[in-house]
Amino acid sequence: MTTLKATYSEAQGIGVEEGVMRRDPSDIIKVGDLYYLWYSKGTISPGYDATVWYATSLDGHAWTEKGMALAKGEPGSWDAASVFTPNILIAEGRYWLFYTGTSRQFGKGFNPDSKIGIAVSDSPDGPWERLDTNPALKNSDNPEDFDSHLIDDACLVVREGKYWFYYKGRQLGKSPAETKLGLAIASQPQGPYKRVEDNPVIPGNHEVLVWPQGKGVAAMIGTTGPKEITRSIMVADDGLHFSKTHNVIDVPTAAGAYRPEAFSDSGAGKRIQWGVHIGKQKGSLPFIERFDLVPASN
């Protein structure tokens with residue numbers, strides 16, 4: 001089995017900054033000459049006070065923070081307390097920003113109630129308009145389901161002419177370490193998204209990064225989940241039934257990647273080469289850091 005290694009370098013402009021938290025980066029798109037990236041920005045490490053911001057880059061190394069893309073929802077709404085963990089879909093000539101929202105203020109005894117919504121724009125620079133149908137996906141009403149407590153962390157691919165929406169879920173009474181990955185599919189970017197019967201499609205992972213690989217779908221698995229699948233890449237020819245293909249040394253944390261075939265439905269996607277993730281440094285709040293995925297030396 002092939003072993004890969006993640007190497008890390010500074011994401012200039014969105015790196016370490018005193019008093020500023022940046023985390024949960026989206027996947028990266030390229031529009032003209034510019035790479036675009038969205039992320040959570042706030043003042044506390046967990047991200048439960050965040051709004052969604054974005055940055056652009058010409059080379060994927062030096063980034064310019066452009067400003068807030070999405071503010072918190074109206075008081076009393078499902079996304080009033082925080083909007084975070086964004087991701088992006090390009091479809092029908094428009095840009096669809098998926099994001100997680102919570103209604104509960106962060107504090108002692110905090111228990112997240114996250115759901116996923118969508119905002120749409122004609123430009124990657126916004127302005128963004130929330131859909132009236134939000135939330136696009138909410139936690140299951142069945143307490144026995146893997147996603148009955150919360151859902152989070154959208155990641156989209158276009159496949160077989162449909163929109164495949166991978167996400168993470170946690171069951172009522174379970175810990176974050178028991179997070180699993182699910183899938184919902186729609187025929188339109190705005191939904192409605194219907195869960196597949198085979199959920200959960202991966203029995204672990206606390207973050208979601210998938211991409212088209214050949215005619216299938218690949219997923220990077222971080223440090224959470226059954227030990228036989230952590231720190232790996234898994235591939236499913238049918239997008240549903242995943243098996244391990246690579247080990248990954250120093251696996252990124254909650255990564256977003258440059259995935260040029262993600263929305264092309266070409267059946268010719270290749271393994272990701274680079275992206276960004278949550279960097280951690282003693283004495284600092286989380287920040288954005290670049291990773292490159294390279295073959296491990298013997």
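Me: A pocket, as I understand it, is an open set of grid points with protein on both sides within 12 Å along at least five of seven lines. What volume does the largest pocket have?

Reply: A pocket volume is the space filled by probe spheres set on those points. The model here is predicted, and its largest pocket has a volume of about 600 Å³. The pocket is lined by 35 residues, of which Arg23, Asp24, Lys168, His206 and Ala254 are the closest to its centre.

Me: Which strand gives the largest share of the lining of the largest pocket?

Reply: Strand β7 does, with 4 residues. Strands β11 (150-159) and β12 (162-170), like β7, each supply at least two residues of that lining. By class, the lining has 14 nonpolar, 12 polar and 9 charged residues.

Me: Which residues lie closest to the centre of the second largest pocket?

Reply: They are Tyr258, Pro260, Lys270, Arg271 and Ile272, out of 14 lining residues. This pocket holds about 170 Å³, and its lining divides into 8 nonpolar, 2 polar and 4 charged residues.

Me: How many cavities of 30 Å³ or more are there?

Reply: A cavity differs from a pocket in that the probe fits but cannot get out. The search of the whole structure finds 1 cavity of that size, with about 60 Å³ of space in the largest cavity. Its lining includes Asn205, Glu207, Met220 and Val251. By class, the lining comes to 8 nonpolar, 2 polar and 1 charged residues.

Me: How should I read the sheet that contains β7, and in what order do its strands lie?

Reply: Look for which strands pair, then for the edges. Four strands lie in the order β7-β8-β9-β10, forming an open sheet with antiparallel pairing. Strands β7 (82-91) and β10 (129-130) are the edges, each pairing on one side only. Between β7 and β8 (residues 94-102) there are 8 bridges; in one of them, Val83 has Gly101 as its partner.

Me: Which strand gives the most residues to the largest nonpolar core?

Reply: In soluble globular proteins, nonpolar side chains tend to be buried together. Here the largest core has 38 residues, and Trp38, Leu89, Phe98, Trp128, Phe165 and Tyr193 have the most contacts inside it. Strand β8 gives the most to this core, 5 residues. Another core, of 20 residues, lies apart from it and includes Val157, Ile221, Ile229 and Met234. Ile221 also lines the largest cavity.

Me: Now salt bridges. What does Arg94 meet in one?

Reply: The side chain of Arg94 meets that of Asp122, at 2.9 Å from N to O. The pair links distant parts of the chain, with Arg94 in β8 and Asp122 in the loop between β9 (115-121) and β10, 28 residues apart. Asp122 has a relative accessible area of 59%, over 50%, so it counts as exposed. Arg94, at 28%, is partly exposed.

Me: Is Asp113 buried or exposed?

Reply: Buried: its relative accessible area is 11%, and the cut-off is under 20%. Asp113 forms a salt bridge with Arg104, with 3.7 Å between the closest N and O atoms. Arg104 is partly exposed, at 40%. In a further pair, Arg290 and Asp292 meet at 2.8 Å, and Arg290 is buried at 6%.

Me: How many salt bridges are there in the whole structure?

Reply: The search finds 14. Salt bridges can also join into a network, as they do for Glu17, Arg22, Lys41 and Glu65.

Note on methods. Residues are numbered from 1 along each chain as its sequence is written. This is a predicted model: local features need pLDDT of at least 70, side-chain atom pairs count only at pLDDT 80 or more; totals for chains, interfaces and linings use all residues. Side-chain values use heavy atoms; hydrogens and water are left out. Two strands pair if DSSP finds at least two bridges between them. On a 1 Å grid over the protein atoms alone, a cavity is a set of points where a 1.4 Å probe fits but cannot get out, and a pocket is an open set with protein on both sides within 12 Å along at least five of seven lines; lining residues have an atom within 4 Å of a point. Ala, Val, Leu, Ile, Met, Phe, Trp, Tyr, Cys and Pro count as nonpolar, Asp, Glu, Lys and Arg as charged, and the others, Gly among them, as polar. A salt bridge is a side-chain nitrogen of Lys or Arg within 4 Å of a carboxyl oxygen of Asp or Glu. Buried means under 20% relative accessible area, exposed over 50%, partly exposed in between (1.4 Å probe, protein chains only). A nonpolar core is a set of buried Ala, Val, Leu, Ile, Met, Phe, Trp, Tyr and Cys residues joined through side-chain atoms within 4.5 Å.
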